[in-house]
Every structure is written in C-alpha cells, then in structure tokens.
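Reader: Please take me closely through one part of this structure, the place where the ligand sits, together with whatever leads up to it. I would like one connected account, starting from the beginning of the chain.

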Amino acid sequence: MTLQDRFERPLRDLRISVTDRCNFRCTYCMPREVFGPDYAFLQRDAILTYEEIARLARVFVAHGVEKIRLTGGEPLVRRHLHGLVSMLSDIEGLQDLTLTTNGSLLKAQAQGLRDAGLKRITVSLDSLDDEVFMRMNDSGVGVATVLEGIAGAEAAGLSPIKINAVVKRGENDHTIVDLARHFRGTGHIVRFIEFMDVGSTNGWQMEHVVTAREIVELINAEMPLEPAEPNYRGEVAQRWRYVDGSGEIGVIASITQPFCGDCTRARLSAEGQLYTCLFGVRGHDFRSLLRGGATDEEISAAIAKVWKVRDDRYSEIRTSETASLPKVEMSHIGG
Ligand code: SAM
C-alpha cells in the first residue's frame, strides 16, 4: 500500500544532500558573514558514506520514491560523486536520478557523471551579467565558468538541462529577460525561482520577492508566452511556452502560489537527518539507525512512521512570524 501522510500526499521524491559545504557564498543562501572561516561544517565521519546513502535510498525506493535529486551544499565538491551516482542508478524501480549544481566544477565532471548513469542535470545561474552574478555568489566565479559547465553537460549528453535562477528584487531582476533570451531555442529550460525565506540567515523580506507573475509578464512583453500543462501532478515549476515554439521557461512560485498540497518530497541532510519540509525546524535521525545495526525492515518502518504523521504545509501558512523561525539552512538540508 502506498505510504501517505496526513494530507494523503504520497512519498515520491527524495532529495539527498551529499555535503553541507559549498564553494560559493551566495548572499541569499550562505552569506559569508555567517558561513565564514569559523563556521562549523560537518566533519567527514559525521556525514553519511555513499554506501549508507545508497542503502537508505533503496529502502526509500521500496516505499514508492521514484525520483532522487542529489544536492547540497555543492554536490560536486564531494569527492568521487560519480561513485554514488553509479550506486543509485543501479537501484531497481528508481525512475529518475538528477542533480543540482552551481556548475563551477561541472565541465570536468560532466562526462564521468553521465557515464555513471546520470541522465539529466539542473545548473544554477542567477544572471548572465558577470558583475551581478559575482555579487550574488560572492566567490569570484564568473558566468563563463558556469556556461562552460553547461556546455560540458550538453556535450556529455545530459538532457534536459535546466537552469535555476533565484530572483531577488534590486539584485538581478533587471537581468531576467536576458537570461530567458540567451537560453531560448537551446532546448535548455530556465526556471525562475521566487526568493524564499529558507533558513534563518538570509535576511529574507517580502519586498525582495519578485513574483512569478511579474517574471512572466516581463518575459512575455518581449517574447510572448502561453501556459503549458504540467508534466505531472506536483510539478514544482509552472511551465510557460514561447508562442513561436522556441522552447519553454518555468517559474517556481513557492511564496506567492504555494504548492504544499502536492508536495511529495522528503529531504535527507548530509548527516542523515530526514526532513519532511524545506522549511523544517527539526529532522529525524537516520544515521543512528544505519550505524546502530538496524535492519532494512526497521529503517523502512522508521520512514513510514515519520511520513504517516507528516502535516507540513509551511508555505501555505507563512507569516512574518514563521519566516523568523529557526529553520534549517538550505545548504544543510539541500535545495
Ligand atoms: N549548490 C547547488 C546549486 O547551487 O544549485 C545545489 C544546492 S542549492 C541550495 C539549490 C538551489 O537552491 C539553487 O538553485 C539555489 O539558487 C536555490 N536557493 C538557495 N537559496 C534560495 C532561496 N533563499 N530562495 C530560493 N532559492 C534558493
């Protein structure tokens, strides 16, 4: 029988953070003032090994998970990530395996990931304007490096390639249309994300949010768009197609049009804490189970116990008070 939570939402997707470390310091995600030289990142023995992750993933797939996304932190900073991809791609019943990366290390790794069984990829790129992009990532990496990573992914045959752009008012909203124009006709799908109040260190305020509706209007004014049907129930991005057939974009309106009702995602942090919401305050410890000799049946029962009582719908009940809750950081839980 399908595992369902309190709102009858099945467990279908698992996002796995393979590391809490990142080589970027995006101001909206890992601001340098907080994630500086003294920040206590997880120690190596605290994070799950690839074998532990793969074992857990198998149990999740047996519970109905169809899609796994590797994320972080920056997944490509963890060594030999292709080894994990290879283990996961062997899991029978898993229909979709993908990865989200900032693209800075992708050029060198794209072919290895593809050979290990990765089919598609999402690359984050907030602007094509070097000055804007570098101000946002605060780590000295320019646009060209990420574009080379995207080209490498294309050459390796990863497809489709999705481009994630977080939009923050006053930072990169004037470069939205450029980004859409650049990728139009390439087959790559740009997805614009409303700036979210994840974690508690990014200084989120509603005034910083450029709404999905505004984003669509801006692009539509130059390159006419029409709504497209979702690919499947619970798809995070709303799809918009260029009227002239030159491709599509997506908008992720987690602030202005929350999609909790269809949320089928669980998230595993690098040290094995399971979260049932991106805006979660506390996780459930699976590392102790793994390292304490639990059988697959016991792990399976523990997953069911967590999911059955799940009643998260943070984005639907967001207020200025909830926005300041001590929520887990996105770099920890995985985006
Ligand atoms: N390092 C990888 C990357 O850059 O894609 C994976 C992890 S990152 C946390 C995943 C995605 O979350 C990125 O596309 C990032 O831009 C997005 N993100 C981070 N903080 C966000 C926020 N406050 N609001 C909206 N999206 C955010």
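Author: In this predicted model, Glu8 is found in the segment before strand 1, and that is a useful place to start. The phi angle of Glu8 is near 60 degrees, a positive value in a residue other than glycine. Most residues other than glycine have a negative phi, and most peptide bonds are trans. With a relative accessible area of 58%, Glu8 counts as exposed.

Beside Glu8 in the sequence, the chain also takes part in ionic contacts. Asp5, Arg9, Arg310 and Asp312 are linked in a network of salt bridges. Arg310 belongs to the loop between helix 9 (296-308) and helix 10 (330-333), and at 3% relative accessibility Arg310 is buried. The residues that Arg310 touches, leaving out those up to four places away in sequence, are Asp5, Arg6, Phe7, Arg9, Cys263, Arg265 and Thr276. With Arg265 there is also a polar contact, in which a polar atom of the Arg310 side chain lies 3.4 Å from the backbone oxygen of Arg265.

A little further along, Arg12 forms a salt bridge with Glu66, with 3.9 Å between the closest N and O atoms. Arg12 lies in the segment before strand 1 (13-17), whereas Glu66 lies in the loop between helix 1 (50-62) and strand 2 (67-71), so this pair ties together parts that are 54 residues apart in sequence. Both partners are partly exposed, Arg12 with a relative accessible area of 24% and Glu66 with 30%.

Strand 2 leads on to the ligand itself. Gly73 is in the loop between strand 2 and helix 2 (81-89), and at 16% relative accessible area Gly73 falls under the 20% limit and is therefore buried. Apart from residues up to four places away in sequence, Gly73 touches Ser17, Thr19, Asp20, Arg21, Cys22 and Ser331. Leu14, by comparison, is 59 residues from Gly73 in sequence and 16 Å from it in space, C-alpha to C-alpha.

Gly73 is also one of the residues that come nearest to the ligand, together with Glu74, Thr100, Ser124 and Met196, out of the 20 residues around the ligand. By class, this shell is made of eight nonpolar, ten polar and two charged residues. Three polar approaches to the ligand can be followed atom by atom. A polar side-chain atom of Glu74 lies 3.0 Å from a nitrogen atom of the ligand, and an N or O atom in the side chain of Asn164 is 3.4 Å from a ligand oxygen. At Met196 the approach comes from the backbone, where a polar atom is 2.9 Å from a nitrogen atom of the ligand. Taken alone, the ligand would expose 550 Å², and the protein buries 95% of that. The elements that give two or more residues to the shell are strand 3 (96-101), strand 5 (161-167) and strand 6 (189-194).

The approach to strand 5 is worth inspecting in its own right. Pro160 is in the loop between helix 5 (143-156) and strand 5, and the peptide bond from Ser159 to Pro160 is cis, with omega near 0 degrees. Helix 5 also has an unusual backbone angle in the loop that separates it from helix 4 (130-137), where Asp138 is placed: Asp138 has a positive phi of about 45 degrees although it is not a glycine. The relative accessible area of Asp138 is 30%, which is partly exposed.

Strand 6, too, has a charged contact in the loop that precedes it, where the side chain of Arg184 meets that of Asp244 in a salt bridge of 2.4 Å, N to O. Arg184 lies in the loop between helix 6 (176-183) and strand 6, and Asp244 in the loop between strand 8 (238-242) and strand 9 (248-252), so the pair ties together parts that are 60 residues apart in sequence. Asp244 is exposed, with a relative accessible area of 51%, while Arg184 is partly exposed at 29%.

Strand 8 has a salt bridge as well, with the side chains of Arg241 and Glu226 3.3 Å apart, N to O. Arg241 is in strand 8 and Glu226 in strand 7 (residues 225-227), so that this pair ties together parts 15 residues apart in sequence. Arg241 is partly exposed at 37%, and Glu226 is partly exposed at 30%. Over the model, the count comes to 19 salt bridges.

Note on methods:
Residues are numbered from 1 along each chain as its sequence is written. This is a predicted model: local features need pLDDT of at least 70, side-chain atom pairs count only at pLDDT 80 or more; totals for chains, interfaces and linings use all residues. Side-chain values use heavy atoms; hydrogens and water are left out. A residue is near a molecule or strand if one of its heavy atoms lies within 4 Å of it. A polar contact is a pair of N or O atoms within 3.5 Å; within protein, one must be able to donate a hydrogen and the other to accept it, and residues adjacent in sequence count only if both atoms are side-chain atoms. Accessible areas come from the Shrake-Rupley method with a 1.4 Å probe; for residues, only the protein chains shown count as cover. Helices (H or I, at least four residues) and strands (E, at least two) are DSSP runs, numbered from the N terminus. Ala, Val, Leu, Ile, Met, Phe, Trp, Tyr, Cys and Pro count as nonpolar, Asp, Glu, Lys and Arg as charged, and the others, Gly among them, as polar. A salt bridge is a side-chain nitrogen of Lys or Arg within 4 Å of a carboxyl oxygen of Asp or Glu. Buried means under 20% relative accessible area, exposed over 50%, partly exposed in between (1.4 Å probe, protein chains only). Contact means heavy atoms within 4.5 Å.
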